[in-house]
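Reader: I'm in my first year and still learning to read protein structures. Could you take me on a close look at the largest nonpolar core and the parts of the chain around it?

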Amino acid sequence: MTLRFLGTTSDDGDCPTLYEIEGTDEILVQGDRETDPAHLARLRDVKESETFVRVPRSLLTRYAPKGDAPELQPFPSISGLFRDFKHTAWRLETRGGYASDRNSPKWARFLAGEDIAAAPDNAWRQNVRVQTALGKRFERVRVVDEPPTRGQEFLLASAPGNVAAGEDIRNLTRAQARELRLPDYDFWLFDSKILARFAFDDDDTTLGVYVSEDPADVLVACQARDAAWHHAVRTEEFARRVRSTM
């Protein structure tokens, strides 16, 4: 079962940290082990398999989930959010590639060395044009390995078409993302209040999304957005940097 980072009150990459054990209703707590003999002596009903850690109250207050874990639902179930959001739709992309890209008609053209940035408008870009004309913002940060995977090169090559439609797409290296302690999962964040977190299988196929308005979930996403957006580089500049190293 997968661990999902929930949040930390540490500024230097140390503990304490909270994780969710996906597929369960359990939380994993990382902190300094309790060693005070007087405290250990007062613990009740201790099993041999148990250990004990210290965490600040603020960690639980800020990041512990306030409700039941959301259920997985099909991605099309949130399609209306891409029209109905009021201000900003923000995406974090963390994977080395996506099955939806490899299965698209553009993939073969990309492998053949064709320019895929000037593809005809599709429903996605048409909606981006409509929403951005209303003053709304579509923004993404993509995490890119060094060197980029083939899937990430595909996204860099196709991004100018989405940018021309009105998206602001920026990029970070994987090392930067780790230094910033960004989540290791993909999500959309709508108006800083609705989080749609992706689930994928081992072949990079989207299984669905977990939709949450839990303040703890949304807070982690907002913090990730602010940190990533501050450091990310616009796609055109990032692509130039990548080409200069190849």
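Author: The accessible surface of the chain comes to about 14000 Å², and 50% of it belongs to carbon and sulfur atoms. Please keep in mind that this is a predicted model. Of the 246 residues, 44% count as buried, and the C-alpha atoms fill a box of roughly 70 × 40 × 30 Å along the principal axes. Within that box the chain forms ten helices and 13 strands. Among contacts with a separation of 6 or more, 67% link residues 24 or more positions apart.

Now for the part you asked about. In soluble globular proteins, nonpolar side chains tend to be buried together. Here the largest nonpolar core has 25 residues. Trp90, Leu92, Val141, Leu182, Phe187 and Leu189 are those with the most contacts inside this core. Which elements give two or more residues to the core? They are strands E1, E2, E7 (88-93), E8 (137-144) and E10 (187-190), together with helices H2 (57-63) and H9 (215-231). Helix H9 gives the most, with seven residues.

Phe187 is a good place to zoom in. Leaving aside residues up to four places away in sequence, Phe187 touches Trp90, Arg91 and Leu92, and also Leu195, Ala196, Arg197 and Phe198. Ala221 and Ala224 complete its list of contacts. Apart from this core lies another one, of 20 residues, which includes Ile78, Phe82, Phe85 and Phe200.

Let's follow the strands next. Is E8 mostly covered or mostly open? Strand E8 is mostly covered, as seven of its eight residues are buried. On one pairing, E7 and E8 run parallel and share six bridges, and Trp90 has Glu139 of E8 as its bridge partner. E8 also pairs with strand E9 (residues 167-173), again in the parallel sense, through seven bridges. In that pairing, Phe138 is matched with Glu167 of E9.

E1 and E2, which also contribute to the core, belong to an open sheet of three strands in the order E1-E2-E3, with antiparallel pairing. Strands E1 (3-8) and E3 (26-30) stand at the edges, each with a single partner strand, so one side of each has no neighbour in the sheet. From one strand to the next the twist averages 30 degrees. Five bridges join E2 (residues 17-21) to E3 in the antiparallel sense, and Glu20 stands opposite Ile27 in E3. As you trace these strands, remember a handy rule: in a regular strand the side chains alternate between the two faces of the sheet.

Helices pack against each other too. H6 (residues 123-133) and H7 (residues 150-165) meet at an angle of about 35 degrees, with their axes 8 Å apart. From H6 the contact uses Trp124, Arg125, Val128, Arg129 and Thr132, while H7 brings Gly161, Asn162, Ala164 and Ala165. By class, this contact has four nonpolar, three polar and two charged residues.

Finally, try finding Asp36, in the loop between strand E4 (32-33) and helix H1 (37-42). Its relative accessible area is 28%, so Asp36 counts as partly exposed. From Asp36 to Pro70 there are 34 residues in sequence and 38 Å in space, C-alpha to C-alpha.

How values were computed:
Residues are numbered from 1 along each chain as its sequence is written. This is a predicted model: local features need pLDDT of at least 70, side-chain atom pairs count only at pLDDT 80 or more; totals for chains, interfaces and linings use all residues. Side-chain values use heavy atoms; hydrogens and water are left out. Axes are lines fitted to C-alpha atoms, for helices over the stretch in contact, and angles run from 0 to 180 degrees between N-to-C directions. Helices (H or I, at least four residues) and strands (E, at least two) are DSSP runs, numbered from the N terminus. Contact means heavy atoms within 4.5 Å. Ala, Val, Leu, Ile, Met, Phe, Trp, Tyr, Cys and Pro count as nonpolar, Asp, Glu, Lys and Arg as charged, and the others, Gly among them, as polar. Two strands pair if DSSP finds at least two bridges between them. Buried means under 20% relative accessible area, exposed over 50%, partly exposed in between (1.4 Å probe, protein chains only). Accessible areas come from the Shrake-Rupley method with a 1.4 Å probe; for residues, only the protein chains shown count as cover. A nonpolar core is a set of buried Ala, Val, Leu, Ile, Met, Phe, Trp, Tyr and Cys residues joined through side-chain atoms within 4.5 Å.
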